[in-house]
Amino acid sequence: IEQRITGKGAKETSERIYLALKELDDHMDRYDAASEISAINAAAGQQAVAVSESTYALLKRAVELAADTDGIFDPAIGPLTSLWHDAKEAGVPPEEAAIAEKLPLIDYRCIEFDDDARTVKLTQAGMSLDLGGIAKGYASDLVKSICENSDIDTALISLGGNMYSYKAPKGKEGYRIGIRDPLGSENSPLLALTLTDRVMSTSAAYERYFEYEGTAYHHILDPNTGSPAVTDLLSITVISQDGALADCLSTTLYIKGMDGVRDVLRRQEAGETLPYSIIAIDKEQTIYLSPELRDAITLFEDKQESYHLAA
């Protein structure tokens, strides 16, 4: 977590944000046996588990977004992420039979809720939750709520791939944010844009992967195949006031690839108002922008020979 906060209540707000995110992480960490998510996973196929309001709200939102994406984003993808986590540790991809064995367990429709008791149950033994595709976006929404109810002037919060900006520095339209060159190093920006009161979430394969016999296996899994997504995108950035939506959609559109990107752009260019904007970079190094971003993006000069903006 990186925080840049200005104003009278900056220190207090920073501490509140840290404590709130620490509590959220304590509830959501599937690798911590004491977390609420671990408790739900351990009871899969057996019993419902009572959880905190924040965990319950996040899981309900995750299932809602899973339905909206036809399961391309699926919070019940845990069995596959565990399989690939172990594969990364071993440096060898899992066997096809092992993947096939896990696929029937990946189904958000088998997550049951009881609103009165505030309990969650996974109906099949062997199921498990993994909220990696939404938790940082939901955390950004939590940060947004804290900022809006604090005595501060501006804030820029980085949550590992997600950025949230609150208001604009004095005399400026907003915070100037760089988007990484997906083929470059961590400190090699490709684009810049001004971000104000929005969450920006980027999905790409350049940070978490392992190589085996010349093939790279990244961390973004397609729940339909059980393997790292085969995509024609290098990266996809989604910008929205809704952090959970931005996080979920960046994963979903990365998996869908340019077909999904073209569908979004067609809808926006036809005049449909969507609650998000996108920046997509395909493997031909073409950059596709939502109409409202076309005058807000700067492509750095040293990148203009290798990348170009779509017409």
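1. In helix α1, the buried residues (under 20% relative accessible area, 1.4 Å probe, protein chains only) are Ala10, Thr13, Ile17, Ala20, Leu21, Leu24, His27 and Met28. Viewed down the axis of α1, these buried residues fall within an arc of 120°, so they line one face of the helix. The face turned away from that buried side carries Lys11, Glu12 and Leu19, which are exposed (over 50% relative accessible area).

2. The model is predicted: local features need pLDDT of at least 70 and side-chain atom pairs count only at pLDDT 80 or more, while totals for chains, interfaces and linings use all residues. Residues are numbered from 1 along each chain as its sequence is written, and side-chain values use heavy atoms, with hydrogens and water left out.

3. Helix α1 (residues 10–28) has 19 residues and reaches 27 Å from its first C-alpha to its last, close to the 27 Å expected at 1.5 Å a residue. Its buried residues are covered by elements including β1 (2–6), α2 (36–42), α3 (53–68), α6 (135–148) and β5 (154–158).

4. Gln285 is found in the loop between β13 (277–282) and β14 (286–289). Leaving aside residues up to four places away in sequence, Gln285 touches Leu183, Leu234, Ser306, Tyr307 and His308, where contact means heavy atoms within 4.5 Å. A polar atom of the Gln285 side chain lies 3.0 Å from the backbone oxygen of Ser306, and the C-alpha atoms of Gln285 and Leu183, 102 residues apart along the chain, are separated by 9.3 Å.

Methods:
Helix = DSSP H or I, 4+ residues; strand = E, 2+ residues; numbered from the N terminus. Polar contact = N/O pair within 3.5 Å; in protein donor to acceptor, adjacent residues only side chain to side chain. Expected span 1.5 Å × (residues − 1). Arc of directions from axis to C-beta.
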